Every structure is written in C-alpha cells, then in structure tokens.
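Colleague: Please take a close look at one residue of this model and then place it in the wider setting of its chain and of the pair of copies. I should be grateful for one connected account, with the cut-offs stated.

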Number of protein chains: 2
Amino acid sequence: MTHIVPVDIAHAPYNIHIGRGLLAQAELIVAQLAQPRVAIVSNETVAPLYLPQLKQVLEAKGVTVQAIILPDGEQYKTWESLNQIMDALLTERAERKTSLIALGGGVIGDMTGFAAAIYQRGVPFIQIPTTLLAQVDSSVGGKTAINHPLGKNMIGAFYQPKLVLADLDTLSTLPDREFSAGMAEVIKYAFIDDPEFLLWLEANIQGVMARQDDLLAYAIERCCLNKARIVAADEKETGQRALLNLGHTFGHAIEAGLGYGAWLHGEAVAAGMVLAAHASQALGQLAAADVARVTNLLLAAGLPVVAPDLGAARYKALMAQDKKVDAGKIKFILLRQLGEAYIGELPESAIDAALAAGCAAK
Amino acid sequence: MTHIVPVDIAHAPYNIHIGRGLLAQAELIVAQLAQPRVAIVSNETVAPLYLPQLKQVLEAKGVTVQAIILPDGEQYKTWESLNQIMDALLTERAERKTSLIALGGGVIGDMTGFAAAIYQRGVPFIQIPTTLLAQVDSSVGGKTAINHPLGKNMIGAFYQPKLVLADLDTLSTLPDREFSAGMAEVIKYAFIDDPEFLLWLEANIQGVMARQDDLLAYAIERCCLNKARIVAADEKETGQRALLNLGHTFGHAIEAGLGYGAWLHGEAVAAGMVLAAHASQALGQLAAADVARVTNLLLAAGLPVVAPDLGAARYKALMAQDKKVDAGKIKFILLRQLGEAYIGELPESAIDAALAAGCAAK
C-alpha cells in the first residue's frame with residue numbers, strides 16, 4: 001500500500017510517495033513532466049540495479065531518456081561531478097522544461113537537485129531515493145549541495161523537487177552498512193522532537209533492522225511526516241529547521257577530518273549525536289542514563305558511537321566552518337531532554353568535555 | 001537628486017537608487033546588512049577606481065570588509081572565477097549572514113549574484129553597477145549566471161539583490177565603447193514596448209551620448225522603471241519577461257561564435273536587434289523604413305549594426321543552444337512594430353533572409 005505524505009511548502013508543494021513497486025509506475029512521474037523528456041542522474045552502483053527498468057517504463061510512455069552516470073561515493077560530491085552533469089546536459093541540449101531525475105542515495109540526490117537548481121537557472125526535478133538515508137531525510141525538503149575542500153555542503157541551493165518516490169523495494173539491495181547509516185537519520189527524528197517515536201524505536205529496533213516490511217514502512221513514513229512538518233514551517237532554515245542538524249556539526253567535522261567517504265554520512269551523524277548528548281550532559285541537561293539510551297539505540301542499529309580522536313583543536317577548527325556559525329559563534333543542536341532538541345551555544349569547557357567523553361582514546 | 005525605483009517582486013521586494021554620490025552614502029548599504037560584514041567582489045579595472053572609497057565609508061561605519069578582485073572581461077565569467085569567489089569566502093569564513101556586494105559591470109554583477117545564490121545555499125547581496133549596461137539592465141531583476149563553453153549564461157539562478165545602487169558618478173570613467181554597449185540595452189527597452197521612449201531617444205540621442213547629466217539620469221530611470229515593471233510581473237521568465245531578450249538570441253550566437261570578449265555583450269545585442277528587425281521585416285511586419293530607424297538609432301549610439309558572417313549553419317547551431325528553446329524550437333523575440341515586441345518562431349527562410357541582410361559579406 002502506498003502512503004502519500006504532502007510537503008506543504010507555500011510556493012512549491014509536492015508529495016512524497018512511499019510504497020512498493022513505485023519504480024514501475026511511470027504515470028506518477030509522467031504526470032509531473034513539463035515535456036516528455038528527462039535526464040536521469042545515477043551512479044555506477046545504483047544504475048545497473050534500477051536504471052534499465054525505469055528507463056523502459058518511461059520510454060514506453062513516450063518519454064525521451066538521457067542517462068548520466070557518476071562514480072559512487074561522498075568523495076565525488078564535487079564541482080567536477082556537477083560540471084560533468086552540466087556538460088552532459090548541454091551536449092545533449094537539455095532544455096528548460098527537461099526534468100532531471102535523481103536515482104540514488106543522498107549524494108546523487110543532493111548533486112542532481114543542485115544541478116537542476118542552476119542548469120539554465122532552474123529546471124524541474126524529481127527525487128527517487130534508493131537508500132534509507134535518502135528516503136527519510138535528504139530527498140525531502142529541497143536542500144541541495146556539493147562539498148568544498150573547506151567544508152561539507154558549502155555550495156548549494158534550496159530547491160524543491162516536484163515529486164519524491166520512495167520505493168521500499170530498492171532497500172532490499174541496500175548493504176547493511178548503508179542501511180545502518182540511514183538508521184542514524186531515522187533515530188535523529190526521535191531525539192529531536194518525537195519522544196513517542198523514540199519509545200517505538202526502542203521497542204522495535206530489532207524488527208526494523210531485520211527490515212520487516214510493516215515496521216520499516218511505518219518508520220519511513222513517520223520520518224517523512226516529521227521532516228515535511230519541519231521544512232514546511234521553515235523552508236530556508238531561518239529557525240527551527242536547524243534542529244534537523246542534530247549530530248551534524250560534530251558529524252561534518254568527523255567526515256571532513258577523516259576525508260570524505262571514509263565514514264558514511266550517517267555513521268558520522270551517529271557519533272556526532274553521541275557527542276551532542278555528552279555536551280548536553282556537560283550542561284547538566286541530560287543524565288548519564290539518557291546518554292546511555294542514545295548510545296544503546298544507535299548501537300542496536302549497528303552504528304558507531306565513539307568518534308574518532310581528531311584532537312580537540314582540529315574538531316574546533318573544522319566546526320568553525322559550519323554553516324550555522326553566526327558572528328564567529330557556532331550554533332549547536334543540543335538536547336534539553338530526549339525528544340526535545342534546541343539551538344544553542346556551547347562553552348569551550350562543554351565542547352572539551354564532550355570530546356573527552358565521546359572520542360576514541362589515542 | 002536621487003530617484004528610487006521599487007522592484008515589487010512578491011517574496012523579495014527591493015529598491016533601485018539612481019543618483020550621484022551614492023557610493024559615499026554607506027548608510028544605504030548598512031541599513032540592508034544582516035551583520036556588519038561584507039565581501040566586495042570587483043575586478044582589476046573597477047577596483048582601483050571605487051573600491052578604496054567604498055571600503056573606507058563602510059569601515060567607518062564599523063563594517064568588516066573583505067575584497068575579492070577578479071580579472072576583467074566576459075571571458076572570465078566562468079566556473080573558475082566562481083570557484084575563486086567560493087575559495088576566498090570559505091578561506092575567510094564568510095558566514096550565512098555576510099553580504100556580498102557586486103562592484104562592477106554586468107559580468108561582476110552576474111557572477112557575484114550567482115555566488116551569493118549558492119554560497120552556503122544563499123547569502124544576501126547588493127548590486128553596485130558601475131557601467132551603463134549594468135545600471136539599466138543586468139543589475140536589476142535577479143538573473144545571475146556564468147557562461148559555459150557550450151552557451152552563454154547557461155548556469156545560474158534567479159536570485160534577487162537586497163538593494164541596487166546606480167551611482168551616475170561611476171559612469172564618468174566609463175570608456176566610450178562600454179558606454180555605447182550600455183546604450184544597446186537602453187535602446188532595447190524602447191523597441192520592446194515603449195514607443196514614447198523611442199521618440200525621446202531619437203530626439204535626444206546626441207545629448208545622451210554626450211552624457212548630459214539630466215538626459216542620462218532620465219534615460220536610466222526610464223529603463224529601470226521598464227525593467228522593474230516587467231520582472232515584477234514575471235520573475236522567473238515564464239512569459240513576458242522573455243521580451244527583454246530582444247536581440248539576445250542572435251547576440252549570444254555572435255558572442256559565442258566570435259569567442260567571449262571579442263565583442264562586448266551590448267555590441268552583440270545591437271547587431272542582434274538589427275537581425276531581429278530584418279527577420280521581422282521578412283515576416284512582413286516591419287517596413288524597410290522601420291529597420292532603418294533601428295539601424296540609425298544604434299549607429300547614433302556608436303554601435304555595430306552589421307553582424308559578423310559566421311555562416312548561417314553556425315548561427316543556427318549556436319542559437320539551438322538558447323535557453324528559450326522548447327521541444328527543439330527556438331523562440332525568438334520579434335517586432336510587430338517598433339515599440340511592440342512579441343515571442344514567436346521563425347521559419348528557416350526568415351532566419352536565412354535576416355542573416356543575408358544583416359551580416360557582413362565575406
């Protein structure tokens with residue numbers, strides 16, 4: 001059964017479809033096209049699995065399909081890959097009404113969305129996320145970007161898709177490590193402002209990790225509902241949307257510090273959430289038992305809960321590049337309690353305490 | 001005396017200030033800043049003339065100023081220059097509330113606006129156009145872009161400035177060739193939908209070319225009023241805004257065909273408008289006398305009215321890359337009469353006739 005989650009962004013509302021067999025339903029896509037022509041951007045891992053089928057059902061509906069295949073991995077989320085998309089679109093004379101379709105995980109979605117935002121000053125685009133992380137998080141809400149050597153997602157745009165198709169069938173081919181990485185973002189929603197979902201996750205984590213159909217569908221829908229509500233209220237992240245970055249300030253420092261691609265984004269976010277929990281404990285807001293609940297749930301999802309020891313100085317230098325820095329002050333997402341996140345600053349001592357408690361010993 | 005032209009774009013209204021001595025009025029800028037910090041992007045020609053003064057008045061108001069100086073010329077409106085801006089902003093840790101200021105002509109304005117659109121997914125920006133072309137056209141309306149080897153302005157965004165300061169004093173240092181190039185865009189507005197302004201220009205072209213104070217101020221304000229009206233009604237160019245591209249489909253082909261920088265943009269637009277007039281004549285809409293009026297006014301403004309002979313095949317190949325192509329059909333901006341432009345298609349024969357009539361013999 002397909003669930004539809006509307007994303008009510010005033011100037012650009014759209015729907016997320018969550019279900020099985022969606023890739024075969026070309027009519028969902030065709031209904032959104034401004035002309036019977038698309039360019040599908042995918043990567044070398046995902047394309048062999050799903051591109052032939054998608055291409056076939058679209059062509060059967062009279063749609064002209066161009067395929068653009070990029071290498072797989074966060075380390076390719078760069079100017080160079082973006083330029084490769086631009087070159088391919090221009091070489092094939094893609095037009096202003098040609099739609100881009102992102103078929104892949106978060107990296108493909110972020111880059112394709114950004115390409116759609118800037119090709120000829122903006123063309124329509126559609127997200128078909130094929131990883132758990134992309135289905136529950138990155139494909140929804142219109143954040144698009146590429147990385148820069150000096151910071152993750154530093155170059156990008158807010159640009160909304162016309163449609164998101166989350167086909168649960170695509171998760172069956174997802175490696176366990178990738179599935180766990182996606183669970184970091186699933187669990188994130190529970191900590192931010194959904195304590196009921198936290199209890200549900202703690203009770204059902206084994207079933208979710210076993211990818212039990214009904215449990216997985218419920219978790220994904222719940223995450224999409226949470227994300228849709230938050231981004232509809234604050235599309236451009238002038239306020240509460242920043243809460244979705246729980247674990248991400250530390251996490252981005254881990255990713256950049258180790259080199260993009262060494263840890264998966266979700267893995268870095270997991271360890272980052274543990275650091276944010278330790279920092280919240282240092283502020284006297286969380287008890288040790290709360291931090292243990294954070295750690296235990298992430299461990300049950302197969303995620304790392306100990307951050308790499310980059311050294312406090314390196315962490316601080318990397319975090320000073322964060323997009324949430326205002327007048328030199330880093331804004332952190334912290335926990336008042338489990339299920340209640342807020343935006344605040346951290347005294348140096350709390351950062352040091354969190355890193356001391358949450359990083360691997362040298 | 002300063003004139004203020006409001007640009008009533010629903011989600012992002014702003015004002016154009018037109019007058020003398022505006023660069024010294026730091027308070028106009030300071031009132032728009034989200035934090036007392038700016039990065040001024042300029043080029044090697046303009047920076048020595050106006051940057052020290054602007055920097056000084058801003059710093060006197062407590063604003064931290066970073067300067068980013070690029071080489072001068074259309075041939076530098078590239079990925080590489082854009083990346084140079086990104087590198088400089090990230091190296092200096094420019095933040096989400098740091099404003100970018102474009103100090104220069106159309107190339108600087110287009111690139112700085114695009115940089116502002118994509119740095120950290122969007123930071124505020126201010127336009128200080130120092131050429132006639134930028135003051136009457138490119139600084140207003142939020143079109144930002146860079147060129148790609150396969151087409152002009154192919155990569156960009158619609159992104160509105162917070163403020164446009166058109167300081168007439170900066171035109172006093174503008175070389176005659178640049179001034180004439182700007183006049184192509186001035187004259188364009190008359191042909192599109194302002195027949196009264198056409199009569200005024202024909203009567204006053206000598207005085208305008210002599211840069212007589214009151215005449216020049218009037219012409220600039222009239223152009224800004226026209227542009228503000230058109231873009232407020234159609235920000236994203238889904239309809240009538242395309243009329244502003246009169247002469248630009250042929251013009252872009254000239255620029256790309258000769259290599260960016262060989263002809264100034266305004267020069268290519270002038271010759272492009274003559275070609276559009278010839279095409280309209282071939283359709284039986286303009287009389288020979290009308291085409292002569294187009295040519296004579298452009299000549300009086302010191303502009304080329306004969307297009308380079310790239311060959312019809314090359315023109316067509318270059319124009320097929322235009323952003324206004326829809327389902328393989330090029331949309332041209334044509335003239336029903338002088339002062340009444342429309343969007344239409346051209347039969348092959350009319351393109352050939354226009355090129356035969358408007359290009360230099362080999």
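Modeller: A:Val65 counts as buried, because its relative accessibility is 13%, where buried means under 20% relative accessible area, exposed over 50% and partly exposed in between (1.4 Å probe, protein chains only). This is a predicted model, in which local features need pLDDT of at least 70 and side-chain atom pairs count only at pLDDT 80 or more, while totals for chains, interfaces and linings use all residues. Residues are numbered from 1 along each chain as its sequence is written, chains are lettered from A and ligands numbered from 1 in the order in which they are written, and side-chain values use heavy atoms, with hydrogens and water left out.

A:Val65 belongs to strand β4 of chain A, which covers residues 64–70. Helices (H or I, at least four residues) and strands (E, at least two) are DSSP runs, numbered from the N terminus. Leaving aside residues up to four places away in sequence, A:Val65 touches A:Val38, A:Ile40, A:Lys55, A:Leu58 and A:Glu59; a contact requires heavy atoms within 4.5 Å. By comparison, A:Ala10 is 55 residues from A:Val65 along the chain, and their C-alpha atoms are separated by 31 Å.

The setting of this residue is a chain with 13 helices and eleven strands. Of the 362 residues of chain A, 64% count as buried. The radius of gyration of chain A is 20 Å, which agrees with the value near 21 Å for a compact globule of 362 residues; the radius is taken over C-alpha atoms, and the globule rule is 2.2 Å times the number of residues to the power 0.38. Along the principal axes, the C-alpha atoms fill a box of roughly 60 × 40 × 40 Å. Among contacts in chain A between residues at least 6 apart in sequence, 76% join residues at least 24 apart.

A second site in chain A is A:Glu196, in helix α7 (residues 195–209). A:Glu196 counts as exposed, because its relative accessibility is 56%. Its C-alpha atom is 8.3 Å from that of A:Gly339, although the two are 143 residues apart in sequence.

Chain B superposes on chain A by a rotation of 180° with 0.0 Å of shift along its axis (RMSD 0.0 Å). The two copies are therefore related as by a two-fold rotation axis; the superposition is by least squares on the C-alpha atoms of residues with pLDDT of at least 70 in both. The same surface serves both copies, since 100% of the contact residues of chain B recur in chain A.

Two residues of chain B deserve a note on backbone geometry. Most residues other than glycine have a negative phi. B:Asn153, which is not a glycine, has a positive phi of about 55°. B:Asn153 is placed in strand β8 (residues 151–158) and counts as buried, because its relative accessibility is 8%. B:Ala327, also not a glycine, has a positive phi of about 55°. B:Ala327 is placed in the loop between α12 (312–319) and β10 (332–337) of chain B, and B:Ala327 is exposed, with a relative accessible area of 63%.
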